[in-house]
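Here is a quick tour of a protein model, written for someone who would rather look at geometry than read a long preamble. Have the viewer open and follow along.

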Amino acid sequence: MNRGSSSSPRTMIEKIVARHAIDRDGARAGMFTEIEPAYVMTHDNTAAVIPKFDSIFAELDSESMFRDPSRAVFTLDHDIQNHTPENLGKYAKIESFANKHGVDFYRAGTGIGHQVMCERGYVLPGSMVVASDSHSNLYGALGALGTPIVRTDAAVIWATGRTWWRVPPIVECRLVGDLRPGVSGKDVIIELCSRFPSEVRNAAVEFTGEGIGRLTISERMAIANMTTEWGALAGVFPFDSSTKAHLDDRAAFLASEGVIRLTHKSIDLLWDKRDDINADDEASYDDVLVLDLSTVQPSVTGPNSVSHAMPVGEIVRDRISINKAYLLSCVNGRLEDLRAAADVLRDRPVAESVDLYVAAASEEIQRNAEQEGTWQTLIRAGAHMLPPGCGPCIGLGEGTVEAGDVAISATNRNFVGRMGSRDAEVYLASPVVVAESAAVGYITGGRGTETEAPADKQPVAKTTDPANHGPGDHSVDSAPELSAKATEHRAVFLNADSINTDAIYAGAHTYRLLEAEEMAAVVFENYDPDLSKELSAEDVVIAGENFGTGSSREQAATALKHRGVLLVIAASTGETYRRNAFNNAFVVIECRPLVEYLRSKSETQAGSWGVTKQRIRIDQDNGVVEYGVERFAFVPLPTAMKRLVEAGGAKSYAQTILLNEEPQQHSNNLHQEEANS
């Protein structure tokens, strides 16, 4: 959709992108633009970014140098229970690197990076803050554009201050009404994931409506965080009086610690300019969804899926026994969540058959929970307390699921193998539902839900049709002849949708610094070990919808490249996965007609994989793939992406900037506005 000139009404996301874009007139949905983010956060994966960063300069025969170290933040949060010499040595190298370059560094145990970014004043309304982690969407709760980038992007931003971004389609999600007692922000996002499993895929979401004013900041954080699992690249709430009050509280706390990054004066300055941040009244969207908050019920999603949810009042009838429960992560590890669970477990022990694991999202939250007695209540109930960090949410440290386990978790992701064994079942729910279930030993939602009839659900309405949800949705009536440049390959068809990055490259390997051959050896082992053994060099992988959904781990793309796979063809792909691929000169093509044809011929049963009966021929320049006598058209790579791939990826892009360009001199860091005013 062409939204017109820079003077025409803009959405909130378009306004924020414009504040950080080199070409501010190009910050419209669907456009490629160069951006200068206010901050870039990396965590344990900093260890993998460092060599990428150094290699940019090594080939230029110059010393590694940050363009602006004040815009980088390192937070150690994922594998913090790992006290092996190898991991402690890695952490020490990250800290030493931070000290050398003057980068803000937060040690293991400070908290989950996204929570730390919000607590320590890095995230402000109107700012674009990126992180090499898929849950950077959380920053949208504070009126910022938080979106994931990848490890290569992080290295490029360190070196040049900028990277590229395709402004996605923008969807409005209008929240009306009020939540009923006992219903939380987690229930809202579970409802949205279930009701609209594909409507926001590869889009960005702006939340609007009078219902927002009755959501706490913690609830907004839970909703924004899991827009990632909903399929979106960002989820942004408006800058309103609740946001301002929250920031004023943070400023007062930080001042007491001598931190002046966030001040009352800078917040007031932003508040006076809030119309320059929030969406214009006449702004247009690619789609509009409406949710009546009063109809949302406590729900459970799973097992091992975020798109299949049931109200607790229904699922309780099945008496699904659990043996593990989790209250932690960047979606539900805040004080409000711990209090809700403690209220349930006050004078009620955790069932003997259940292990309940609890971790605060930050050490500040844990300290506050201890001071008010919430932490002690959970301990008395029998919970196992873990340090502030990610831990079992990503399958690391104490408490991961084992084969045969059935777990309920207040985390944000329950993909197969994500939290440990791929032979376990994991359900997601709110802190209250997790605590209630832990107390009785089976999935329940608390007193009264076992007999409560599900409410008459009329929660959502779709008011417009999507204008554009990515290049894979473009239809071409006829495919042209193949050119002489077409190449022929064996194809392996994975007849499944939403194959996630955990399945492609298991979480257990994510923070191991493996060499290329080692990475290649473990491709798809968490999906199917037999498939992992089958892949050969020059193969083409074909898959269904939403290939590469889930986390932003770069190895899910680079490991396939290292294995020698030529390219991936999918009905549609996750935008962050595509970003990873192109940044590393690995091609991903979207061709839904080919996938539909293979499915119609039943060559491979749904949910399984196999080598196709015939080889395929691919003409990337003209956008044609041939299978037997059939030809299928796809949209060729945009010029910008083709150049990126031909250049060898984002590292070459960064080297070109360093060799030939001087960055445009304009400040988009909102923390500097007070000083400049």
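## A sheet, a helix and a pocket

Strand E22 (residues 540-543) and strand E23 (residues 567-570) run parallel, with 4 bridges joining them. To pick out one rung of that ladder, start at valine 541: the bridge partner in E23 is valine 568. Keep in mind as you click around that this is a predicted model.

Zoom out a bit and you'll see that the pair belongs to an open sheet of 5 strands, ordered E24-E23-E22-E21-E25, with mixed pairing. At the edges sit strand E24 (587-590) and strand E25 (609-611), each of which pairs on one side only. On average, neighbouring strands here are turned by 20° against each other, if you ignore direction. As general background, strands of a sheet pair through backbone hydrogen bonds, in either a parallel or an antiparallel way.

What lies across this sheet? Helix H22 (residues 592-600) does, crossing strand E21 (491-494) as well as E22, E23 and E24, and it runs at about 80° to E22.

Now for helix H13 (residues 363-372), where Glu364, Ile365, Gln366 and Ala369 are buried. Those buried residues of H13 pack against four helices, listed here by residue range:

| Helix packed against by H13 | Residues |
|---|---|
| H4 | 113-119 |
| H9 | 241-256 |
| H12 | 335-345 |
| H14 | 374-380 |

Right after H13 comes glycine 373, with a positive phi of about 95°.

On to the cysteines. How many disulfides does a search of the whole structure find? The count is 0. Take cysteine 193: the closest cysteine sulfur is in cysteine 173, and because the two sulfurs are 11 Å apart, that is too far for a bond. The cut-off for a disulfide is a sulfur pair within 2.5 Å. Cysteine 193 counts as buried because its relative accessibility is 3%. Cysteine 591 also counts as buried, at 1% relative accessibility; the threshold for that label is under 20%.

Finally, the largest pocket, which has a volume of about 580 Å³. It is lined by 30 residues, and the ones closest to its centre are Phe415, Asp497, Ser498, Ile499 and Asn500. Which helix gives the largest share of the lining? That would be helix H8 (residues 227-230), with 3 residues.

Methods. Residues are numbered from 1 along each chain as its sequence is written. This is a predicted model: local features need pLDDT of at least 70, side-chain atom pairs count only at pLDDT 80 or more; totals for chains, interfaces and linings use all residues. Side-chain values use heavy atoms; hydrogens and water are left out. Two strands pair if DSSP finds at least two bridges between them. Helices (H or I, at least four residues) and strands (E, at least two) are DSSP runs, numbered from the N terminus. Axes are lines fitted to C-alpha atoms, for helices over the stretch in contact, and angles run from 0 to 180 degrees between N-to-C directions. Contact means heavy atoms within 4.5 Å. Buried means under 20% relative accessible area, exposed over 50%, partly exposed in between (1.4 Å probe, protein chains only). On a 1 Å grid over the protein atoms alone, a cavity is a set of points where a 1.4 Å probe fits but cannot get out, and a pocket is an open set with protein on both sides within 12 Å along at least five of seven lines; lining residues have an atom within 4 Å of a point. Grid points are joined across faces, edges and corners, and a volume is the space filled by probe spheres set on the points.
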